[in-house]
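This report describes one protein chain for a first-year reader. Please look at the structure shown here before reading on.

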Amino acid sequence: MGPTELLPALTPEPDLACLPQALDALRVAITVHDAALKLVYANQHYNYLFRAMPDRQTLLGIDYAALIALEVSRGEIANAELIAGVDPFIARRVAQLRPGQFHPMDIALRDGRVAELKARQTQQGGWIVVWSDVTAARHALMRFEDVTELSTDALAFFDRHERLIACNDGYRQLIGVANADTLKGRSFAEIYQLALDSGKFEREPAMELRLALHRKAVSAYRLHATSGETYLVRDRLTRDGGRAVIFTDVTDTHRTEAALNQQTAALARSRKAMEALEAQTARQADYLADLTKKLGAVEAEAGTAKTALLRTMSHELKTPLNAIIGFADLLRKPGAQWSPEKIEEYAGLIHTGGHNLLRLLNQILDLTRIAGGRYAVYRARLDGGAILRAMPDCFAERARAKSIRIDVSDCAPGVLADADESALRVILSQLIDNALTFTPAGGTIRLQAVSANARVRFVVADTGPGVAAADLARILEPFEQGARSISDHQGGAGLGLTLAKALAELQGGGLTVQSAEGEGFTAVVELLRA
């Protein structure tokens, strides 16, 4: 019986004379066996895959078990496959040729290659076995698994049907199972329910909300363990239609450590901060000297902008830098006996001054890159509501120090924007920083993310002193500030709103501001809707 006789009958009967030539052209090995498992055909690639085997034509009529035994005796099979013995190996191979057995089988070859076997039964009771060289894919998978095991995060990957296909040991421990293989093939909902049933996690968010977040293109939220840990869960659609999920432990353990030995830890931190900030101050001084030299080179052409820039540099750069150097000199004064509290206070003032200088320099550099067309934008489908809702975490300490409430009740997940994630975070950070600076103690900052036709609107509104209507257009220009001020205003170069506006326009959107004296200040960013 030839290979064409084992194929299903077609109506009308096709011309199959060229079928052997077509099978020989394939880059996979194919063997055809009759109902008694005798070899009736093997294509040319069979001898390419098994290079030590006799010519395929001389093997016709051999039993499948005998063919496997010949592969072993000719040294084609890796020793790892034969640890349990040759007979069990042959039995496992023969067992694949049974009705209902559709699972592929990987076989390691002696020369390091990996072959995948797939077997299908014909209508006449015979069998077709297909050998594919999957060495590159399997090695890539092994390297990928090795890399994921090195990660301190818990990683899991799902296919387009939401079934788990791979995870590292950190994910296995997180879910609470003894063997990661028991999770493979299970749906995301089943695994999440398994984790809840184990009692390791709180039952919020609810299953429906958790699944809704999981099915978004990009989502991020926090998951709380019953043992006290907090995990940042990032869920993203992969390019093949599957999902990648990462759990990062973000539990703040440093506060507990500081509470155990507050005075000693404070002194150690202060000394380290002083040394680091002295080095940073020196680097900043060199950079500012170079920046001042460059500014002087364009002084003749700067005009009105030159006057504003020099005024800003004088106040916003030189004054904090003098303060940094002054406090550093105090700490370095020979013979001075400073208490840990005083050292920590001075180091804090140095840190604040250095942070303000670094923020200003970053703003100038970003605006320079935008003006020169060198700011790269990588737009993607983002959950703007979730991103805005998470932003207050970066400003929690400042808000708490001024007793300012940041309201995120209008930042529901699911507001999708077509934007660059890094640029969007910079925009929102600048607007929230501006609001915190000018909102008096006890005030409120309201954040909102809504869809409006083809746009997504991000709103940052504060209860500060506001800006006169005549100043609204001016404050969007570089180095311009409104007349509003409060006692704890820490100063700024007037670049935050300018940078936010430039980044919004770079992504096809825009920034508008609304205010009146004594009635607060509202900044509205509009970007394209995804």
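## Two turns between strands

The model is a predicted one. Asn453 sits in the loop that joins β14 (444-452) to β15 (455-462). Phi of Asn453 is positive, near 55°, in a residue other than glycine. Is Asn453 buried or exposed? Asn453 has a relative accessible area of 71%, and the cut-off for exposed is over 50%, so Asn453 is exposed.

Glu162 lies in another loop, the one between β6 (154-158) and β7 (164-167). Glu162 is not a glycine either, and has a positive phi of about 65°. Its relative accessibility is 17%. Buried means under 20%, so Glu162 counts as buried.

## The chain as a whole

The chain has 530 residues, and buried residues make up 42% of them. It contains 18 helices and 17 strands. Among contacts with a separation of 6 or more, 55% are between residues 24 or more positions apart.

## The nonpolar cores

The largest nonpolar core has 47 residues. Which of them touch the most other members? They are Leu431, Ile445, Leu447, Phe458, Phe521 and Val525. Helix α17 (residues 421-438) gives the most to this core, with eight residues.

Ile445 can be followed further. Leaving aside neighbours within four places in sequence, Ile445 is in contact with Ile404, Arg405, Ile406 and Asp407. Its contacts also include Ala435, Leu436 and Thr439, together with Val460, Ala461 and Asp462. A second core, separate from the other, has 28 residues, including Leu67, Leu70, Ile107 and Ala119.

## Helices α17 and α18

Two packed helices are described by the angle between their axes and the distance between the axes. The axes of α17 and helix α18 (residues 496-506) come within 9 Å and cross at roughly 150°. Angles over 145 degrees count as roughly antiparallel, and α17 and α18 are therefore roughly antiparallel to each other. The crossing of α17 past α18 is left-handed.

On the α17 side, the contact is made by Ala423, Val426, Ile427, Gln430, Leu431 and Asn434. On the α18 side are Gly496, Leu497, Leu499, Ala500, Leu503 and Ala504. Of the residues in this contact, nine are nonpolar, three are polar and none is charged. Leu431 thus appears in this contact and is also among the residues that touch the most other members of the largest core.

## Helices α4 and α5

Which residues of helix α5 (residues 86-95) are buried? They are Phe89, Ile90, Arg93 and Ala95. What covers these residues includes α4 (64-73) and the strands β3 (105-108), β4 (114-121) and β5 (127-133).

The axes of α4 and α5 come within 10 Å and cross at roughly 135°. That makes α4 oblique to α5. The crossing of α4 past α5 is right-handed. In α4, Tyr64, Ala65, Ile68, Ala69, Glu71 and Val72 meet Val86, Phe89, Ile90, Arg93 and Val94 in α5. The residues of this contact divide into nine nonpolar, no polar and two charged.

An α-helix has 3.6 residues a turn, so residues three or four places apart point the same way. Pairs to look for on the model include Ile68 and Val72 in α4, and Phe89 and Arg93 in α5.

## Helices α8 and α9

Helix α8 (residues 188-197) and helix α9 (residues 207-214) have axes that come within 11 Å and cross at roughly 135°. α8 and α9 are therefore oblique to each other. Their crossing is right-handed.

Phe188, Ala189, Tyr192 and Gln193 of α8 make the contact with Met207, Arg210, Leu211 and His214 of α9. By type, five of the residues in this contact are nonpolar, two are polar and one is charged.

## A glycine inside a helix

Gly354 belongs to helix α14 (residues 340-371). Is Gly354 buried or exposed? With a relative accessible area of 2%, Gly354 is buried.

Not counting residues up to four places away in sequence, Gly354 touches Gln280, Gln284 and Ile324. Gly354 and Ile324 are 30 residues apart along the chain, and their C-alpha atoms are separated by 7.2 Å.

Conventions: Residues are numbered from 1 along each chain as its sequence is written. This is a predicted model: local features need pLDDT of at least 70, side-chain atom pairs count only at pLDDT 80 or more; totals for chains, interfaces and linings use all residues. Side-chain values use heavy atoms; hydrogens and water are left out. A nonpolar core is a set of buried Ala, Val, Leu, Ile, Met, Phe, Trp, Tyr and Cys residues joined through side-chain atoms within 4.5 Å. Buried means under 20% relative accessible area, exposed over 50%, partly exposed in between (1.4 Å probe, protein chains only). Helices (H or I, at least four residues) and strands (E, at least two) are DSSP runs, numbered from the N terminus. Contact means heavy atoms within 4.5 Å. Axes are lines fitted to C-alpha atoms, for helices over the stretch in contact, and angles run from 0 to 180 degrees between N-to-C directions. Angles under 35 degrees count as roughly parallel, over 145 as roughly antiparallel, 65 to 115 as roughly perpendicular and the rest as oblique. A crossing is left-handed if the near helix is turned anticlockwise from the far one by less than a right angle, and right-handed if clockwise. Ala, Val, Leu, Ile, Met, Phe, Trp, Tyr, Cys and Pro count as nonpolar, Asp, Glu, Lys and Arg as charged, and the others, Gly among them, as polar.
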